[in-house]
Amino acid sequence: MSPAAELQMMHGLQRALDEQRLRMAYQPKICLRDGSLSQVEALVRWDDPELGPVKPSHFVPLAEEHGLIHELTQWGLRTILRQWLDWCDEGLDTSIAFNISALSLQHLDFPDLVERMCRALGVPTNRLVLELTEGATQPLVRLMDALTRFRIKGIGLAIDDFGTGYSSLMQLRQLPFTEVKIDQAFVADVPHSRDSRLIIQAVTELAHGLGLTATAEGVETLDQLRIIRELGCDHVQGYLVSAPLEPSVLRPWIQRFRRAWPAMISEEKLALWGDVEADPLSERQI
Ligand code: C2E
Ligand code: CA
Ligand code: CA
């Protein structure tokens with residue numbers, strides 16, 4: 001993208017922030033034990049009148065570069081905390097996961113700011129989970145202080161896209177994470193790649209050993225769901241369960257999903273036995 005196009009995009013983003021035109025979509029994450037909703041992940045959405053829909057993977061890194069990330073993060077936090085209150089009024093109590101840039105953690109008062117926002121709106125801090133990705137220039141170990149302060153305040157911490165980029169097993173041991181999100185790339189490969197299955201199983205076992213939960217992201221097929229369940233992951237998220245949703249349809253979605261869940265797991269045994277013959281890894285599992 002040319003520097004001029006980047007600038008145009010950032011002006012558009014600033015306008016969208018000023019005019020309150022950004023939205024959040026919420027993707028359900030379910031518990032593999034019983035198919036219940038365990039959490040939703042907030043994902044920012046921007047439809048620009050001139051540029052059309054712009055993907056967060058395009059504009060979030062640019063917002064980081066051009067100094068807009070703090071404003072975007074504050075808007076996001078306010079939006080999800082208010083959304084939590086609306087759902088709570090409807091009798092729906094769920095935790096919300098929110099993606100934050102490692103850059104936000106460089107502001108020393110960021111953990112206090114998050115706590116103050118929760119307190120001002122009356123949202124318990126333990127309903128919030130912050131998702132962080134390791135960046136090349138922002139090793140998470142350097143952010144130990146900020147991460148620890150979040151945990152002291154009762155806020156959950158997930159390491160996102162685990163297994164790609166720079167995240168390492170050491171980080172899991174040293175940093176106060178509560179959850180590991182296994183990257184979609186491993187999940188996509190799981191029916192065909194013994195390596196991916198081994199990695200998911202090893203990461204899950206390690207996470208459990210360290211007292212963390214393991215979530216598989218990007219689950220799109222029943223095959224993937226069944227294998228991942230057998231490998232011991234606690235939670236799944238992905239288009240098979242649901243795409244990110246408008247907030248108003250979460251409640252009807254839960255009702256529909258409750259009916260669909262038994263069918264989703266019903267042929268599980270058959271599928272797994274099929275796998276066992278070809279695959280010594282599954283054999284050890286059963
Ligand atoms: P992420 O946190 O890893 O989020 C998961 C991405 O995968 C989302 O893309 C989601 O829509 C997509 N996804 C969910 N299920 C599936 C599936 O089954 N298959 C496939 N192929 N994709 C699936 P999205 O919404 O475009 O977001 C991209 C990235 O942008 C996010 O990756 C996150 O790193 C970042 N992001 C999104 N919202 C925010 C935000 O509010 N603040 C910040 N700082 N970053 C955000
Ligand atoms: Ca995420
Ligand atoms: Ca991810």
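This report describes the overall form, the parallel strands around S5, the nonpolar core and the ligand shell of a predicted model.

## Overall form

The secondary structure of the chain amounts to twelve helices and nine strands. Its radius of gyration is 19 Å, close to the 19 Å that the globule rule gives for 286 residues, so the chain is as compact as a globular protein of that length. Taken along the principal axes, the box filled by the C-alpha atoms of the chain comes to roughly 60 × 40 × 40 Å.

Of the 286 residues in the chain, 33% are buried. When contacts between residues at least 6 apart in sequence are considered, 64% of them join residues that are at least 24 apart.

## Strand S5 and its neighbours

Strand S5, which spans residues 128-132, has parallel partners in S4 and in S6. Strand S4 (residues 95-99) is joined to S5 by four bridges, and within this pairing Ala97 stands opposite Val129. Strand S6 (residues 156-162) likewise pairs with S5 over four bridges, with Leu132 of S5 standing opposite Ile159 of S6. The path from S4 through helix H4 (residues 110-121) to S5 forms a right-handed β-α-β unit.

The side chains of S5 alternate along the strand: Leu128, Leu130 and Leu132 point to one face and are buried, whereas Val129 and Glu131 point to the other face and are not buried. Val129, the residue opposite Ala97, therefore belongs to the face of S5 that is not buried, given that a buried residue needs 20 or more other C-beta atoms within 10 Å of its own.

## The nonpolar core

The largest nonpolar core holds 61 residues, of which Phe98, Val180, Ile182, Ile200, Ile228 and Val236 touch the most other members. Helix H3 (residues 69-89) provides the largest share of this core, with five residues.

Phe98 illustrates how separate parts of the chain meet: leaving aside residues up to four places away in sequence, Phe98 touches Ala42, Gly76, Leu77, Ile80, Leu128, Leu130 and Glu131. Two of these residues, Leu128 and Leu130, are among the buried side chains of S5, while Glu131 points to the other face of that strand.

## The shell around ligand 1

Around ligand 1 there are 22 residues, and those that come nearest are Val44, Pro56, Asn99, Gly238 and Tyr239. Strand S2 (37-48), helix H2 (56-65) and strand S6 each supply at least two residues of this shell, and the largest share, three residues, comes from H2.

Methods
Residues numbered from 1 in each chain as written. Chains lettered and ligands numbered in written order. Predicted model: local features only at pLDDT ≥ 70, side-chain atom pairs only at ≥ 80, totals over all residues. Buried ≥ 20, exposed ≤ 12 C-beta atoms within 10 Å, placed from the backbone. Pairing = 2+ DSSP bridges. Right-handed = clockwise from strand over helix to strand, strands pointing away. Rg over C-alpha atoms; globule rule 2.2 N^0.38 Å. Contact = placed C-beta atoms within 7 Å. Core = buried A, V, L, I, M, F, W, Y, C linked by C-beta atoms within 7 Å. Near = placed C-beta within 6 Å.
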